[in-house]
Amino acid sequence: MPPTYSDLMQLANGYSESQTLLTANALDVFTVIGTRACAAEQIARGCHANAEGLRLLLDALVSLGLLTLHGGRYRNTSLGRRYLDRRSPEAITNLLWLLSHHWHDWSKLPQVLRKARKGWTRMTATQKFRERFSWAMHERSHALAERTIQTIRLDSSDRRFLDLGGGPGSYAIALAKRYPQLHGVIMDQTVTVARKLIRERGLGRRLTVRAGNIFKDDLGDGYDAVLCSNVIHIFNERENVKLLRRAAHSLRAGGKLFVVEFFLDASRTAPQKSAIFSVMMYLYTPSGRSYSWLEVEGWLKTLGLGRFKRHRITPDIGTLEATKLT
């Protein structure tokens, strides 16, 4: 159905609900409350915030269903305790921090479109940002890693895989859990989070990390599988062909490459989230965007890969499986 006037206004005003949540996360509201029932003044002190303004924020969070209010005291909902209290193992507080960072970038979109891409900011090059970004990507994987790995089918004889640009290693960890015979290498410029997660999950004998440049440094060879997850949207077509050529060279004959992405259809106007994500990549990266299934398959054909299989993970995210033919 085409959008209505009501849909249009909801779209235009969506930033207000978004900022209510992101501001509460930035102030640590949900973590300050924890499992307690707290008065507004108590929460304001814990958040180092103005009591009057914070009460208004808390009431708005109640209206959004993220807090409850009884007898003048606020509590986290079960959703809040599970995902918004940073002490929870399933917390997404770093992911919300990243979305807040993106929110400020989006506010600059008109100027960027009038001129040209700005590319990476200085902040994104710092070790502190990269580590927190890596934690955010791991938190994003709470809902995606298992579903993604279910689309990756390997033979019982397969033994070695490479996670190219694997970030926190969330997908490599999920793959190693599903296939206990596998040993894997996670390669990225920042591997501190991956190293910690591997150690916590007792996978140090099967998973190793390698800090390096995925375009220049040695990837190794003879892998049964290579996973390239949420990487190609960062780069332009020429860069991606170069990267995927390196991935193909690292595979044995008959090995499989798995590309996980926000794939577009042939029109490049759907799915909606993938089309909008492409705009964000214009805003946020020097040359990236979303790509269609057909575009990526075309690159891979020229690199000697085929037998393509498409697997949907969500309406906008999918896995493209390709086999090295020679």
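This is a chat about the cavity, pockets, cores and some backbone details of a predicted model.

Student: Hi! Let's start inside. How many cavities of 30 Å³ or more does the structure hold?

Tutor: There is one cavity of 30 Å³ or more. About 30 Å³ of space lies in the largest cavity.

Student: Which residues line the largest cavity?

Tutor: Its lining is made of Ile152, Phe161, Leu162, Leu175, Ala225, Val226, Leu227 and Phe258. By class, that is eight nonpolar residues, with no polar and no charged ones.

Student: And which element gives the most to that lining?

Tutor: That would be β6, with three residues. Strands β3 (160-164) and β6 (223-229) each supply at least two.

Student: OK, pockets now. How much space lies in the second largest pocket?

Tutor: About 440 Å³. It has 19 lining residues, and the closest to its centre are Pro89, His138, His142, Leu197 and Arg201. Two or more lining residues come from each of α8, α9 (145-149), α10 (170-178) and α11 (192-200), and α10 has the largest share, with four.

Student: How do the residues of that lining divide by class?

Tutor: Seven are nonpolar, six are polar and six are charged.

Student: Let's move to the largest nonpolar core. Which of its residues touch the most other members?

Tutor: Leu257 and Leu300, out of 31 residues in that core. Elements that each supply at least two of its residues include β4 (183-188), β7 and β9 (317-324). The largest share, five residues, comes from α12.

Student: What does Leu300 touch?

Tutor: Not counting residues up to four places away in sequence, Leu300 touches Leu244, Leu257, Leu305, Phe308, Leu320 and Ala322. Apart from this core lies another one, of 30 residues, with Leu144, Ile149, Ala172 and Leu197 among them.

Student: I noticed a lysine in strand β7, Lys256. Is Lys256 buried or exposed?

Tutor: Lys256 counts as buried because its relative accessible area is 19%, and buried means under 20%.

Student: What is Lys256 in contact with?

Tutor: Leaving aside neighbours within four places in sequence, Lys256 is in contact with Arg153, Asp224, Ala225, Val226, Leu251, Glu321, Ala322 and Thr323.

Student: Now helix α13. What span should its 13 residues have, and how far apart are its end C-alpha atoms?

Tutor: At 1.5 Å a residue, α13 (residues 272-284) should span 18 Å. The end C-alpha atoms are 18 Å apart, so the two values agree.

Student: Which residues of α13 are buried?

Tutor: The buried ones are Ser274, Phe277, Ser278, Met280, Met281, Leu283 and Tyr284. They pack against α6 (93-106), α7 (109-114), α8 (127-140) and β7 (251-262).

Student: What about the backbone in the loop between β7 and α13, where Pro271 has its place?

Tutor: The peptide bond from Ala270 to Pro271 is cis, with omega near 0°. Arg268 is found in that loop too, and it has a positive phi of about 65° although it is not a glycine.

Student: Why bring those two up?

Tutor: Because most residues other than glycine have a negative phi, and most peptide bonds are trans.

Student: Where is Arg307, and what is its phi?

Tutor: Arg307 is in strand β8 (residues 305-312). Its phi is positive, about 55°, although it is not a glycine.

Student: How accessible are Arg268 and Arg307?

Tutor: Arg268 is partly exposed, with a relative accessible area of 44%. Arg307 is exposed, at 61%.

Terms used: Residues numbered from 1 in each chain as written. Predicted model: local features only at pLDDT ≥ 70, side-chain atom pairs only at ≥ 80, totals over all residues. Heavy atoms only, no water. 1 Å grid on protein atoms, 1.4 Å probe; cavity = no way out; pocket = protein on both sides within 12 Å on 5 of 7 lines; lining within 4 Å. Points joined across faces, edges and corners; volume = space filled by probe spheres on them. Nonpolar A, V, L, I, M, F, W, Y, C, P; charged D, E, K, R; others polar. Expected span 1.5 Å × (residues − 1). Buried < 20%, exposed > 50% of the residue type's maximum accessible area, 1.4 Å probe, protein only. Contact = heavy atoms within 4.5 Å. Core = buried A, V, L, I, M, F, W, Y, C linked by side-chain atoms within 4.5 Å.
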